Amino acid sequence: MQLKLLTVLVSAALAATASHAVVTDKMIDNEATATGDVLTWGLNTQGQRYSPLKQVNVTTVGKLAPVWAFSFGGEKQRGQESQPVLHNGKMFVTASYSRLFALDATTGQKLWKYEHRLPEGIMPCCDVVNRGAALYGNLVIFATLDAQLVALDQDTGNVVWKEKIDDYKAGYSATAAPIIANGLILTGVSGGEFGVVGRVEARNAKTGQLVWTRPTVEGHMGYVYDSDGNAKENGISGTTNQSWPGDLWKTGGAATWLGGTYDSKTGLAYFGTGNPAPWNSHLRQGDNLFSCATVAIDVKTGQIKWHYQATPNDSWDFDGVNEFVTFDLDGKRVGGKADRNGFFYVNDATTGKLINAFPFVRKITWASSIDLKTGRPNFIADNRPGDPTASAEGKKGSPVFAAPGFLGGKNQMPMAYSPDTKMFYVPANEWGMDIWNEPVAYKKGAAYLGAGFTIKPLNDDYIGALRAVDPKTGRIVWEVKNGAPLWGGVLTTGGNLVFWGTPEGYLKAADAKTGKVVWQFQTGSGVVAPPVTWQQGGEQYVSVVSGWGGAVPLWGGEVAKKVNLLEQGGMVWVFKIPKTTSAASAAKTNVVGD
């Protein structure tokens, strides 16, 4: 009898533990104030990348030391842009070529690895990167370069479900970290340089079954799906041909390649959209909705509630994919976005109304300002690349020098917002480009640009700059300049710290109020990923993935030549303050690998 009772009690305890270990919607919604896990891309669904942890602070950060480092191994290095997620003592971190590792968060021991079998002929435009995974229930879910979504068991790495997003042979791929909203997993698509049609998809996170799809190119139909997978029309996005000429909307781009954010206070998911296709704007007169914009989607219905377009009729590849980060300002729920076009925007998160817009880079040539009444840019007409058909041979339009360059005032590297300082911390770049238009026609699976370009630095002493920006006044409060372009994201904490990485290989920390650099560590390769922090066993940990790559070496023109000395890599580093701070213990590091 006693043995039977003991068995029942043990089984109940195990069941309770297993239940506690499952990631729930409530846990994800509470991430803004939680400290024990990192359950989502952005540290919270709003994308603020803020942690209230303060054990590591401006006073103690000098003692921060590496605990362990894990190598992704093999020859598959290239760009490593992943943000780790953590739960139940495990770290889940993606790597280049659609790989995912589960590691013990305190020791770095490999628990399992999933390596997606990629077909020949994938067409990622900007390196074979992946930006991270989502956690829900006992699943870890990530997207792959051949445009699939894969859900794995957190404990075993076994595939639970796998769904095709779209046809990689048509140029579709997927690199963004998915996010969870009300039990749905939300994803976008990559491939804007190949004439894909951008969209946001919502699936049942437990099963992978489609719930709704919302295209981000005007004229395409959205759908909702019943429990048997049957599609029902859910309204066209926009009005067909209202802002696109002819049939160009059918291959209109506007890819949602960086993923999105979600705010439970508004019930809206916010996705940025990429360039319209092709780049040659003279072929597509009109605003070309919903490209280069923020679209706010009701997660319950899949309907666009509002949109704000930063660069109508884009001619410079100013993708509007950058993250829309929600926060409170003067008693109102708003969102901030540092756009690729060089302007920082603040919009009402419920209605999309523009509240403020100002430059966060030093040189902008395509527009003089943003009209706060109409929300539209005041274009500088002479800075639009010329129409090729107006040239003598009809092959090359008149070139212009434009700033920022098409890689943007800010690109994929996510910024952070501190509710303590009320400032955004923006990884910005100062560069320009020679750009011209060329004739082009759509062909499935081929590059669809209609433009030529060369990226050039603007200054001799720096390209990158981490900037503290006041979203209310538009003032740059402080900056830390960097020789190479910044390509990794930012973390800010309750310890009055800002962490970020550099292509030169450093993970750095600065005083969030003053910008004074108070700590740095050389990781051995360029950092193009965002750091994270969490607490485990009463200790605060900080982690970042290291591995140079991404778009800069591939598309960076003269800048790429300037940084060609940087080495590739593939490591995840973890730091904490040692319990004993003797020189011997501070120098002790566990290095493990695949």
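**Cavities, a four-stranded sheet and Glu 233**

The second largest cavity is lined by Glu 31, Ala 34, Thr 35, Asp 37, Val 38, Leu 43, Tyr 50, Ser 51, Leu 53, Thr 533 and Trp 534. Two elements, strand S1 (50-51) and strand S38 (532-536), each give two or more residues to the lining of this second largest cavity. The model is a predicted one, and the points below take up its cavities, one open sheet and the surroundings of Glu 233.

**Cavities**

- In the predicted structure there are 4 cavities of 30 Å³ or more, and the largest of them holds about 300 Å³ of space.
- The largest cavity is lined by 28 residues, of which Cys 125, Cys 126, Arg 131, Glu 193 and Trp 257 are the closest to its centre.
- Sorted by class, the lining of the largest cavity comprises 13 nonpolar, 8 polar and 7 charged residues.
- The second largest cavity, whose lining residues include Tyr 50 and Trp 534, encloses about 70 Å³ of space.
- In the lining of the second largest cavity, 6 residues are nonpolar, 3 are polar and 2 are charged.

**The open sheet S7-S8-S9-S10**

- An open sheet is built from 4 strands in the order S7-S8-S9-S10, and the pairing in this sheet is antiparallel.
- Strand S7 (134-136) and strand S10 (159-164) each have a single partner strand and therefore stand at the edges, so that one side of each is left without a neighbour in the sheet.
- On average, and with direction ignored, neighbouring strands of this sheet are turned by 20° against each other.
- Strand S9, which covers residues 148-153, runs antiparallel to S10 and is joined to S10 by 5 bridges; in one bridge between the strands, Leu 152 has Val 159 of S10 as its partner.
- As a general point, the strands of a sheet pair through backbone hydrogen bonds, in either a parallel or an antiparallel manner.

**Glu 233 and its surroundings**

- Glu 233 is found in strand S16, which spans residues 231-236.
- The relative accessibility of Glu 233 is 55%, and Glu 233 counts as exposed because this value is over the 50% cut-off.
- When residues up to four places away in sequence are not counted, Glu 233 touches Met 221, Gly 222 and Tyr 223.
- Arg 131, one of the residues closest to the centre of the largest cavity, is 102 residues apart from Glu 233 along the chain, and the C-alpha atoms of Arg 131 and Glu 233 are separated by 32 Å.

Key. Residues are numbered from 1 along each chain as its sequence is written. This is a predicted model: local features need pLDDT of at least 70, side-chain atom pairs count only at pLDDT 80 or more; totals for chains, interfaces and linings use all residues. Side-chain values use heavy atoms; hydrogens and water are left out. Two strands pair if DSSP finds at least two bridges between them. Axes are lines fitted to C-alpha atoms, for helices over the stretch in contact, and angles run from 0 to 180 degrees between N-to-C directions. On a 1 Å grid over the protein atoms alone, a cavity is a set of points where a 1.4 Å probe fits but cannot get out, and a pocket is an open set with protein on both sides within 12 Å along at least five of seven lines; lining residues have an atom within 4 Å of a point. Grid points are joined across faces, edges and corners, and a volume is the space filled by probe spheres set on the points. Ala, Val, Leu, Ile, Met, Phe, Trp, Tyr, Cys and Pro count as nonpolar, Asp, Glu, Lys and Arg as charged, and the others, Gly among them, as polar. Buried means under 20% relative accessible area, exposed over 50%, partly exposed in between (1.4 Å probe, protein chains only). Contact means heavy atoms within 4.5 Å.
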